[in-house]
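Visitor: Could you take me through one helix-helix contact in close detail, and then show me how the rest of the chain sits around it? Keep it casual, but keep the numbers.

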Amino acid sequence: LAVPSPSFFRSQLPLSPRNEPQLSVFVVASRFTMAHSDPSASKVVDIGLSEEFAVPSHVEEVKKLMAEFAERHGSAGRRVVLITSGGTKVPLESRTVRFLDNFSSGRRGASSAEYFLDSGYAVIFLHRHRSLYPYTRLYTGVNLLDSLRLETSKEDAGQVLVDQNALPNIANILKRYQAVKVAGLLLPVEFNTLSEYLHLLKAAAQALSSIGSKAMFYLAAAVSDFYIPAYEMPEHKIQSSNGPLQISMKMVPKMLSPLVKDWAPKAFVTSFKLETDPSILLERARRALETYNHQAVVANVLDTRRGYVVVVTKDTQQELVLTDEEVQKEVEIEDRIVSNLTAAHSQFMSQQI
Ligand code: PMT
């Protein structure tokens with residue numbers, strides 16, 4: 001990721017023409033990156049998320065695919081989980097050169113998808129473009145060309161061979177991936193911006209409502225709490241010649257509220273709570289459960305998230321911890337999270353009948 005040059009902070013955004021509650025921040029240490037504009041975020045239409053979030057042009061098409069996927073697997077008696085994964089980006093200009101990014105590699109979501117598939121679920125994987133992806137995540141550090149070899153001997157000339165040392169366990173992983181693909185158990189859907197995430201999440205929730213309590217939501221994406229409304233966003237690249245940059249951002253509505261109450265009221269909903277200060281984690285997780293009245297919160301601290309989480313429900317609080325030995329054996333905490341939640345989902349479904 002690129003850190004902006006100091007001159008970036010000297011340009012200035014126009015202040016809000018409206019007198020609405022909003023958060024004003026001086027951005028001095030956020031994680032920035034550079035990007036080109038998003039052609040998919042085009043027209044601005046109100047679909048219940050207010051006119052401030054541009055609707056992705058393909059949302060209806062994707063909603064239809066998700067509804068068919070849910071219907072097909074639901075009627076086969078299969079449960080369906082919607083996993084959100086990766087961080088959202090918030091553009092600062094509508095022809096985007098710069099944006100604010102939320103931290104998430106997508107590993108939690110991608111590895112959890114594999115464990116849900118192993119547990120018999122069908123998976124809609126709503127993920128940030130280029131964040132980690134189920135199965136291929138295991139080879140992200142590998143340079144593809146270093147793992148292949150071109151045969152030059154006379155009889156095999158032109159054939160491409162795989163170096164299995166460069167891609168450990170590849171045959172087994174490929175077998176699992178192909179089985180999932182052939183059975184049509186994984187539906188990948190991509191987002192980039194916060195607007196795309198919000199509209200696609202709403203579409204997914206509505207698409208899954210037909211299967212009632214067989215649906216689970218596993219909201220592991222790191223979603224921005226702040227944004228610049230479409231009508232306040234400058235069209236062109238912010239000019240550093242205008243001096244220091246002052247950004248005024250509004251609060252993003254929490255999606256959990258309409259999701260639980262209106263869009264998928266029968267589904268099993270799990271949210272995640274990420275903090276950097278462990279002392280406030282559990283109180284925040286409990287507060288989220290009380291506020292949104294959903295089924296579970298997976299609480300984690302940024303630095304220890306790979307080896308320790310707490311699954312909080314209305315009546316229980318369960319710590320999931322990996323021992324050093326387990327870490328050495330490459331046991332993943334997502335295995336534990338998913339088995340904890342699939343059991344809770346079974347219990348939830350039996351109570352709905
Ligand atoms: O991807 P990795 O590198 O493996 O890291 C995994 C993770 C740390 C990103 C993941 O475990 C995690 O904690 N994800 C949630 C991060 C987050 O955004 O937490 P939050 O406290 O800001 O939001 C809490 C919940 O509300 C989340 O489930 C989020 O999806 C939801 N939310 C957030 C904002 C918003 N406007 N609407 C929402 O519904």
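Guide: Let's start with the vocabulary: angles under 35 degrees count as roughly parallel, over 145 as roughly antiparallel, 65 to 115 as roughly perpendicular, and the rest as oblique. Bear in mind that this is a predicted model.

Now for the contact itself. Helix α2 runs over residues 107–118 and helix α8 over residues 333–352, and the two pack at an angle of about 55 degrees with their axes 9 Å apart. That angle falls outside the parallel, antiparallel and perpendicular ranges, so α2 and α8 are oblique to each other. As for handedness, α2 and α8 make a right-handed crossing. On the α2 side you'll find Arg108, Ser111, Ser112, Tyr115 and Phe116, and they meet Glu334, Asp335, Ile337 and Val338 of α8. Sorted by class, the residues of this contact come out as four nonpolar, two polar and three charged.

While we're on α8, have a look at Phe348, which is found in that helix. Phe348 counts as partly exposed, because it has 19 C-beta neighbours inside 10 Å and the buried class begins at 20. Leaving out residues up to four places away in sequence, Phe348 touches Ser213, Phe268 and Gln295. Its C-alpha is also 9.2 Å from that of Ala267, although Phe348 and Ala267 are 81 residues apart in sequence.

Step back along the chain from α8 and you come to Glu330, in the loop between α7 (324–328) and α8. The backbone there is worth a click: phi of Glu330 is near 65 degrees, a positive value in a residue other than glycine. Glu330 counts as exposed, since it has 6 C-beta neighbours inside 10 Å.

There is a second residue of that kind. Arg130 has a positive phi of about 70 degrees although it is not a glycine. You'll find Arg130 in the loop between β6 (122–128) and β7 (148–150). Arg130 is exposed too, as 10 other C-beta atoms lie within 10 Å. Leu144 has its place in the loop between β6 and β7 as well. With 9 other C-beta atoms within 10 Å, Leu144 is exposed. From Leu144 to Gln178 the C-alpha distance is 19 Å, with their positions 34 residues apart in sequence.

For a contrast, go to Gly87, in the loop between β3 (80–85) and β4 (89–91). Gly87 is buried, because 21 other C-beta atoms lie within 10 Å. Apart from residues up to four places away in sequence, Gly87 touches Asp101, Asn102, Phe103, Ser104, Arg128, Ala221 and Ala222. Gly87 and Tyr197 are 110 residues apart along the chain, while their C-alpha atoms are separated by 9.5 Å.

Here's another helix pair to set beside yours. Helix α1 (residues 59–75) and helix α4 (residues 194–208) cross at roughly 35 degrees, and their axes come within 8 Å. The α1 and α4 crossing is right-handed. From α1, the residues Val59, Val62, Lys63, Met66, Ala67 and Ala70 meet His199, Leu200, Ala203, Ala204, Gln206, Ala207 and Leu208 in α4. By class, this contact has ten nonpolar, two polar and one charged residues.

Glu196 lies in α4 as well. Glu196 is buried, because 27 other C-beta atoms lie within 10 Å. Sequence separation can mislead you here: Glu196 and Arg176 are 20 residues apart in sequence, and their C-alpha atoms are 30 Å apart in space.

Zooming out, the protein chain has eight helices and 16 strands. Of its 353 residues, 34% count as buried. Among contacts with a separation of 6 or more, 74% come from residues 24 or more positions apart.

Last, the annotation. An unreviewed UniProt entry gives "domain: DNA/pantothenate metabolism flavoprotein C-terminal" for residues 79–129 and 207–332. Residues 79–129 are 24% helix and 39% strand, with their end C-alpha atoms 25 Å apart. Residues 207–332 are 21% helix and 29% strand, and there the end C-alpha atoms are 31 Å apart.

Conventions. Residues numbered from 1 in each chain as written. Predicted model: local features only at pLDDT ≥ 70, side-chain atom pairs only at ≥ 80, totals over all residues. UniProt positions renumbered as here; feature names shortened; annotations may be inferred. Helix = DSSP H or I, 4+ residues; strand = E, 2+ residues; numbered from the N terminus. Axes fitted to C-alpha atoms, helices over the stretch in contact; angles between N-to-C directions. Left-handed = near helix turned anticlockwise from the far one by under 90°. Contact = placed C-beta atoms within 7 Å. Nonpolar A, V, L, I, M, F, W, Y, C, P; charged D, E, K, R; others polar. Buried ≥ 20, exposed ≤ 12 C-beta atoms within 10 Å, placed from the backbone.
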